Amino acid sequence: MYRVIKVLNNNGVLALDMEKKQEVILLGNGVGFGKKMGQRFGGSPDARRYELVKKETSALQAVNGIDPVYIEVTARIIEAAEGLLGPIRHDILIAMADHIALAVSRAKEGCELPNPFSQDIRALFSQEYEAALKGRELIRQELGVEISEDEVSYITLHIHGGLSDENVSQSLELARLVQDGIRQVKEGMGMNLPAASLGYNRLMSHLRYMIARTRRKEQTNLNMGDYARENFPRAYEVAAQVCEDIGRKLKCPVAQEEIGFLAIHIQRAAGQG
């Protein structure tokens with residue numbers, strides 16, 4: 001049983017799941033038609049349910065700040081993404097709808113938000129990016145507005161957040177750390193590493209999972225540090241600097257064993273061994 005908190009439009013309602021004591025948005029044809037605030041109803045078998053993240057701001061305040069059209073198109077994007085990626089947490093709905101509303105407003109005003117990590121986000125989260133491209137097409141079809149590649153990358157982070165334990169800020173931090181790490185490698189090794197190259201993508205992938213292991217405080221079972229230090233001293237020195245920098249930024253030290261593995265990947269990317 002649900003109780004209406006707010007009718008969004010004929011196809012949407014913000015409601016309280018009275019059994020679970022949880023605020024949800026229900027979307028579906030006619031789900032909001034004729035309903036009044038405070039009314040109790042049994043739900044609709046065809047309605048899509050979106051749980052809301054508990055925050056200091058109430059769900060009603062959050063929803064009041066967003067035109068329902070953006071909530072509906074965001075729900076369609078999530079549904080399309082699930083067709084590609086499998087189940088996605090529905091609690092990303094409001095934050096993603098709010099971002100899309102701002103993205104559309106910026107596109108209309110011609111002052112879009114640049115994303116310096118777009119290229120890395122596309123590479124790090126390639127499947128989520130494909131889903132976000134479908135989202136851009138839905139936005140164009142439903143709202144008549146073309147958002148930029150940079151905005152698609154931001155939507156990618158929202159979709160990734162629905163698939164993982166990372167929120168958007170954590171995913172953006174990951175992209176920043178990877179970008180900084182690769183920059184340090186290129187400078188430290190004095191090499192050109194084009195973003196489209198296999199070496200760049202392998203190194204980026206290794207850094208991504210190394211950072212994930214560090215966040216989870218996981219230890220590796222094999223230490224290649226002595227081998228890497230002896231055979232690839234320059235790469236090892238650069239790897240140590242990168243790991244120290246990442247540990248400082250994460251406020252969590254990178255495991256010593258990671259340095260050797262990273263050095264081997266750096267050497268491989270440099271094509272010198």
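Contact here means heavy atoms within 4.5 Å. The structure is a predicted model.

## Overall layout

The chain has 273 residues, of which 49% count as buried. Its secondary structure comes to 11 helices and five strands. Along its principal axes, the C-alpha trace spans about 75 × 40 × 30 Å. Among contacts in the chain with a separation of 6 or more, 66% are between residues 24 or more positions apart.

## Arg122 and Tyr129

Arg122 is placed in helix α4, residues 118-124. Leaving aside residues up to four places away in sequence, Arg122 touches Tyr129, Glu149 and Ser153. Its relative accessibility is 29%, and Arg122 therefore counts as partly exposed. Arg122 and Leu157 are 35 residues apart along the chain, and their C-alpha atoms are separated by 9.7 Å.

Tyr129 belongs to helix α5, residues 126-143. Tyr129 has a relative accessible area of 7% and is therefore buried, the cut-off for buried being under 20%. With residues up to four places away in sequence again left out, Tyr129 touches Arg122, Glu149, Val152, Ser153 and Thr156. Glu149 and Ser153 thus appear in the contact list of Arg122 and also in that of Tyr129. From Tyr129 to Ile159 the sequence separation is 30 residues, and the C-alpha to C-alpha distance is 8.4 Å.

## Nonpolar cores

In soluble globular proteins, nonpolar side chains tend to be buried together. In this chain, the largest nonpolar core holds 39 residues, and those touching the most other members are Ile25, Ile71, Met96, Ile100, Ile139, Ile155 and Ile159. At least two residues of this core come from each of β1 (2-9), β2 (12-17), β3 (22-27), α1 (59-64), α2 (68-85), α3 (93-109), α5 and α6 (149-163). The element that gives the most is α3, with nine residues.

Ile25 has contacts with Leu8, Val13, Leu14, Arg48, Arg49, Tyr50, Leu52, Val63, Ile71, Leu93 and Ile94, not counting residues up to four places away in sequence. Apart from the largest core lies another core, of 38 residues, with Leu172, Leu177, Ile259 and Ala269 among them.

## Packing of helix α7

Helix α7 (residues 168-189) packs with helix α10 (residues 233-250) at an angle of about 155°, the two axes being 10 Å apart. The angle makes α7 roughly antiparallel to α10, since angles over 145 degrees count as roughly antiparallel. The crossing of the two helices α7 and α10 is right-handed. On the α7 side, the residues that meet α10 are Glu173, Leu177, Asp180, Gly181, Gln184, Val185, Gly188 and Met189. On the α10 side they are Arg234, Ala235, Val238, Gln241, Val242, Asp245, Lys249 and Leu250. By class, the residues of this contact divide into seven nonpolar, four polar and five charged.

Helix α7 also packs with helix α8 (residues 198-215), at an angle of about 125° and with axes 10 Å apart. At that angle, α7 and α8 are oblique to each other. Their crossing is right-handed. From α7, the contact uses Gln170, Glu173, Leu174, Leu177, Val178, Gly181, Ile182 and Val185. From α8, it uses Tyr200, Leu203, Met204, Leu207, Arg208, Ile211 and Arg215. The contact of α7 with α8 has 10 nonpolar, two polar and three charged residues.

Glu173, Leu177, Gly181 and Val185 of α7 are named in the contact with α10 and also in the contact with α8. Leu177 is, in addition, one of the residues of the 38-residue core.

| Helix pair | Angle and axis distance |
|---|---|
| α7 and α10 | about 155°, 10 Å |
| α7 and α8 | about 125°, 10 Å |

## Positive phi in two loops

Lys21 lies in the loop between β2 and β3. Its phi is near 55°, a positive value in a residue other than glycine. Lys21 counts as exposed because its relative accessibility is 61%, the cut-off for exposed being over 50%.

Lys251 is found in the loop between α10 and α11, the latter covering residues 256-270. Lys251 is not a glycine either, and its phi is positive at about 55°. With 78% relative accessibility, Lys251 counts as exposed.

Methods:
Residues are numbered from 1 along each chain as its sequence is written. This is a predicted model: local features need pLDDT of at least 70, side-chain atom pairs count only at pLDDT 80 or more; totals for chains, interfaces and linings use all residues. Side-chain values use heavy atoms; hydrogens and water are left out. Axes are lines fitted to C-alpha atoms, for helices over the stretch in contact, and angles run from 0 to 180 degrees between N-to-C directions. Helices (H or I, at least four residues) and strands (E, at least two) are DSSP runs, numbered from the N terminus. Angles under 35 degrees count as roughly parallel, over 145 as roughly antiparallel, 65 to 115 as roughly perpendicular and the rest as oblique. A crossing is left-handed if the near helix is turned anticlockwise from the far one by less than a right angle, and right-handed if clockwise. Ala, Val, Leu, Ile, Met, Phe, Trp, Tyr, Cys and Pro count as nonpolar, Asp, Glu, Lys and Arg as charged, and the others, Gly among them, as polar. Buried means under 20% relative accessible area, exposed over 50%, partly exposed in between (1.4 Å probe, protein chains only). A nonpolar core is a set of buried Ala, Val, Leu, Ile, Met, Phe, Trp, Tyr and Cys residues joined through side-chain atoms within 4.5 Å.
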